[in-house]
Amino acid sequence: MAATVAYARRTQGLVWPNPSVGALIVKGGVVQGRGVTQRPGGPHAEVMALRQAGEAARGASCYVTLEPCSHQGRTGPCAVALAEAGVKRVIIGLRDPNPRVAGRGEAILRERGVEVVSGVAADLCHAHHIGHVRRVLDGRPQVILKLAVSQDGCIGRRGYGQVAITGEGIGRRVHILRAECDGIMVGIGTALADDPLLNCRLPGLESRSPVRVILDTAARLPLDSKLVRGAADVPVWVLVGNGADYARTDALRDAGCTVVRLATLANGRIDPLVALRALGQRGLTRLLVEGGASVARAFVDRGVADEVIISRGNIVVGEGGIPPFGDRGIDFFERMPDYRLVARQCHEGEQLQHYRRERG
């Protein structure tokens, strides 16, 4: 099952709103077929694996990270396809919480005489499919908050543009993360100060850049920004408040951006949860939130930072430094009982820590 999950990562970030499912068909100790979910409208993982296996699928076992679908959509039910191909046993990592499936896939298989084993490496499969689970149960994408922090606990310096805090090793890891997410978000403050591209620039992964999402209450994103000028190549979604000037939002639309108008709070800001549910309605399952300090605080305070990745550089920002969480310090995640450290990596003396909230 671990190999099946690893194979499923091949299309993570490419197939939303569908989950990126992996399937391996095994017979006689040999993998006969491999499959992963194709882009929307294309075959699901089980069908891809069956096509590769051919007649070898008869009497074989199929390992699949998520319960095979049981309904007719743009493609046929995978549970039926497995049974009709003569697969003898199906090993499932995670039952699908989608009400259209939710045990029906297993039931179809059993009714057709296929042995079903469910819940194998369930925690591993849940972690892989957490974006799908979050969207189905909560109506929003899984949020991964990423912060690059200096030795003195700052993410930047007031009055300056982007400050390079970490080196190439951490940078490569961040770009891989971008490639595996459906969307990436920054606030308008970061967009104005840094004029970022927010794409994936690793060789061979340029086509896997996520949707760029800007939290921009007053529609201030400049038309000559790199984001807007590149909207035809990589989508840009601008989340604006209900009071945003219509001339500005029309100009952004004319430039190729998608503008989503949302209700605002009494303080004039957009509620992070409202923004996330709007993104969930549009199909996003995994959202990387990269900046800046006000956005990071808002997502943490609202309780919607599901995962936090902190990369610690070797530089000292010094005077004018911006601590992302004020007096709380960056280490307060270690003191919060609902977060736990799930991974720690080192790159040339720099450190990356990955925290995840317990299920809920």
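Helices (H or I, at least four residues) and strands (E, at least two) are DSSP runs, numbered from the N terminus. Residues are numbered from 1 along each chain as its sequence is written, and side-chain values use heavy atoms, with hydrogens and water left out. This is a predicted model, in which local features need pLDDT of at least 70 and side-chain atom pairs count only at pLDDT 80 or more, while totals for chains, interfaces and linings use all residues.

**Exercise 1. The overall fold**

Task: Find how many helices and strands the protein has, and compare its radius of gyration with that of a compact globule.

Solution:
- Step 1. The secondary structure comes to 13 helices and 14 strands.
- Step 2. The radius of gyration is taken over C-alpha atoms, and the globule rule is 2.2 Å times the number of residues to the power 0.38. For 360 residues a compact globule would have a value near 21 Å, and the protein agrees with its 22 Å.
- Step 3. Along the principal axes, the C-alpha atoms fill a box of roughly 70 × 50 × 40 Å.
- Step 4. Now look at burial: buried means under 20% relative accessible area, exposed over 50%, and partly exposed in between (1.4 Å probe, protein chains only). Of the 360 residues, 52% count as buried.

**Exercise 2. Glu67 and its surroundings**

Task: Locate Glu67 and work out which side chain of opposite charge is nearest to Glu67.

Solution:
- Step 1. Glu67 sits in the loop between strand S3 (61-66) and helix H3 (78-84).
- Step 2. A salt bridge is a side-chain nitrogen of Lys or Arg within 4 Å of a carboxyl oxygen of Asp or Glu. For charges, Lys and Arg count as positive and Asp and Glu as negative; His and the chain ends are not counted.
- Step 3. Glu67 is buried yet has no salt bridge, and the nearest side chain of opposite charge is Arg95, 4.4 Å away.
- Step 4. Contact means heavy atoms within 4.5 Å. Leaving aside neighbours within four places in sequence, Glu67 is in contact with residues including Ile92, Arg95, Val101 and Glu106.

**Exercise 3. Following the salt bridges**

Task: For Arg95, Glu290 and Glu307, name the salt-bridge partner and say which parts each pair ties together.

Solution:
- Step 1. Arg95 forms a salt bridge with Glu106, with the closest N and O atoms 3.0 Å apart. Arg95 is in the loop between strand S4 (89-94) and helix H4 (104-111) and Glu106 is in helix H4, so the pair ties together parts 11 residues apart in sequence. Arg95 is partly exposed at 47% relative accessibility, whereas Glu106 is buried at 2%.
- Step 2. Glu290 pairs with Arg178 in a salt bridge, again with closest N and O atoms 3.0 Å apart. Because Glu290 lies in strand S11 (residues 286-291) and Arg178 in helix H7 (residues 168-179), this pair ties together parts 112 residues apart in sequence. Both Glu290 and Arg178 are buried.
- Step 3. Glu307 forms a salt bridge with Arg356, where the closest N and O atoms are 3.7 Å apart. Strand S12 (residues 307-312) holds Glu307 and strand S14 (residues 350-357) holds Arg356, so parts 49 residues apart in sequence are tied together.

**Exercise 4. Backbone exceptions**

Task: Describe the peptide bond from Trp16 to Pro17 and the phi of Ala121.

Solution:
- Step 1. Most residues other than glycine have a negative phi, and most peptide bonds are trans.
- Step 2. The bond from Trp16 to Pro17 is cis, with omega near 10°. Pro17 is in the loop between helix H1 (2-8) and strand S1 (22-27).
- Step 3. Ala121 is not a glycine, yet has a positive phi of about 50°.
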